Structures are given as structure tokens and as C-alpha cells.
Amino acid sequence: MHRGVETLELRFARMSDSALALARRLQGHRAVRSVVYPGLPEHPAHALARRQMRGFGSIVGVTLADKAAAERFIGECRFVRPATSFGGLHSSAERRARWGDQVDEGFIRLSVGCEPLEALWRDLQRSLDAL
């Protein structure tokens, strides 16, 4: 635990910075219906998040066309692991409707890890382009 705490600030900063960059890029992709991330100026709680947070976190909400698109996206990504528990070094994702949550069938929670940003983006983009 001590070793993990020593690098927590660095990991969180990297993950938050990457999540913001990816949220912006995801907004522009044709396969993405919507992106939810408090670091985006159009998010309804953006002003509050700016006042209360040092970074906007590593979780990005992404809505794709439907269940099939969401499942395929998660399955096609090489860097993104399917998971229900977030916060590790590696990026992971889950489709919340799978667990009975009342969300769009295509909604994915993406937990951005510490992978190099450009490599992670290429992986996400490749998977989205295949949809």
C-alpha cells in the first residue's frame, strides 16, 4: 500500500490529463453519440467541478449507438480491459446496462489508465472506426 500511495498523485494527474484529452477527441468521432466528463465546458457541473477539484478524474462516460456497438467497442480495444472495478494502472471499461442500471444500452464508463495517450487514442479510434 505504501508504494502505491507514493505514486498516487502522479498516476492520478496522468489519468486525469489523458481522460480530458480523450473526452475531447471522443466528442468528435462519428460513432460516439455523446460524451459525459466534468472537464468538458458543456458539462452541467463543469463550473462546480472546477471550483472543487484539482483534476476532473479518470472516468469518461461514452454513449455509442446501441448494446452491440458498446460490446464490440470494449471487445475490440487492445488497451481497454472489461472490468467493473476501476482505478488501476490500465484502462478499463464497462457497459452499465449489463448490470441493470437504467442507462442507455450503448452507455460505457471508460476508466482511463496510465498508458501513453497517443497509443491509447489510436486503440480507441481503431475500435470506434470499426463500428
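In the predicted model, Cys77 is in contact with Asp123, Leu124, Arg126 and Ser127, when its neighbours within four places in sequence are left aside. Cys77 itself is found in the loop between α3 and β3, the latter being formed by residues 81-82. With a relative accessible area of 6%, Cys77 is buried, because it falls under the 20% limit. Its C-alpha atom lies 21 Å in space from that of Asp104, a residue 27 places away in sequence.

Two of the residues touched by Cys77, namely Leu124 and Ser127, also appear among the buried residues of helix α4, which are Ala119, Leu120, Trp121, Asp123, Leu124, Ser127 and Leu128. The elements that cover these buried residues of α4 include α1, α3 (residues 67-76) and β5. Helix α4 has 13 residues, and the distance from its first C-alpha to its last is 18 Å, close to the 18 Å that is expected at 1.5 Å a residue.

Helix α1, which comprises residues 2-27, is one of the elements that cover the buried residues of α4. For the 26 residues of α1 a span of 38 Å should result at 1.5 Å a residue, and the end C-alpha atoms are 37 Å apart, so the two values agree. A bend of about 50° is nevertheless found in α1 at Leu8. The buried residues of this helix are Arg11, Met15, Ser16, Ser18, Ala19, Leu20, Ala21, Leu22, Ala23 and Leu26, and what covers them includes β1, β2, β5 (residues 107-111) and α4 (residues 117-129).

The packing of α1 against α4 can be described in further detail. Two packed helices are described by the angle between their axes and the distance between the axes. Here the axes of α1 and α4 come within 11 Å and cross at roughly 35°, and the crossing in which α1 passes α4 is right-handed. On the side of α1 the contact is made by Arg14, Ser18, Ala21, Leu22, Arg25 and Leu26, and on the side of α4 by Leu117, Glu118, Leu120, Trp121, Leu124 and Leu128. Of the α1 residues in this contact, Ser18, Ala21, Leu22 and Leu26 are listed among the buried residues of the helix. An α-helix has 3.6 residues a turn, so residues three or four places apart point the same way.

Gln27 also has its place in helix α1. At 36% relative accessibility, Gln27 counts as partly exposed, because this value lies between the limits of 20% and 50%. Not counting residues up to four places away in sequence, Gln27 touches Val35, Leu40 and Glu42. Between Gln27 and Ile108, which are 81 residues apart in sequence, the C-alpha to C-alpha distance is 14 Å.

The loop between α2 and β2 contains several residues of interest. Ser58 has its place in this loop and counts as buried at 11% relative accessibility. Ser58 touches Met15, Ser16, Ala19, Leu110, Ser111 and Val112, residues up to four places away in sequence not being counted, and of these Met15, Ser16 and Ala19 are among the buried residues of α1. Met53 is found in the loop between α2 and β2 as well, but at 37% relative accessibility this residue counts as partly exposed. The C-alpha atoms of Met53 and His2 are separated by 24 Å, the two residues being 51 places apart along the chain.

Strand β2 (residues 59-63) includes Thr63, which counts as buried at 8% relative accessibility. Residues up to four places away in sequence again being left out, Thr63 touches Ala31, Val32, Arg33, Ser34, Asp104, Gly106 and Phe107.

A pair of aromatic rings is described by the distance of the centres and the angle of the planes. With ring centres required to lie within 6.5 Å, the count comes to 1 aromatic pair. The rings of Tyr37 and Phe56 have their centres 6.4 Å apart and their planes at 70°, so this pair is edge-to-face. The pair links distant parts of the chain, since Tyr37 lies in the loop between β1 (residues 34-36) and α2 (residues 46-52), whereas Phe56 lies in the loop between α2 and β2, 19 residues apart from Tyr37. Tyr37 is buried, with a relative accessible area of 1%.

Notes. Residues numbered from 1 in each chain as written. Predicted model: local features only at pLDDT ≥ 70, side-chain atom pairs only at ≥ 80, totals over all residues. Heavy atoms only, no water. Phe/Tyr/Trp six-rings, centres within 6.5 Å; stacked < 30°, edge-to-face > 60°. Helix = DSSP H or I, 4+ residues; strand = E, 2+ residues; numbered from the N terminus. Buried < 20%, exposed > 50% of the residue type's maximum accessible area, 1.4 Å probe, protein only. Expected span 1.5 Å × (residues − 1). Bend = angle between axes of the 7 residues up to and from the residue. Contact = heavy atoms within 4.5 Å. Axes fitted to C-alpha atoms, helices over the stretch in contact; angles between N-to-C directions. Left-handed = near helix turned anticlockwise from the far one by under 90°.
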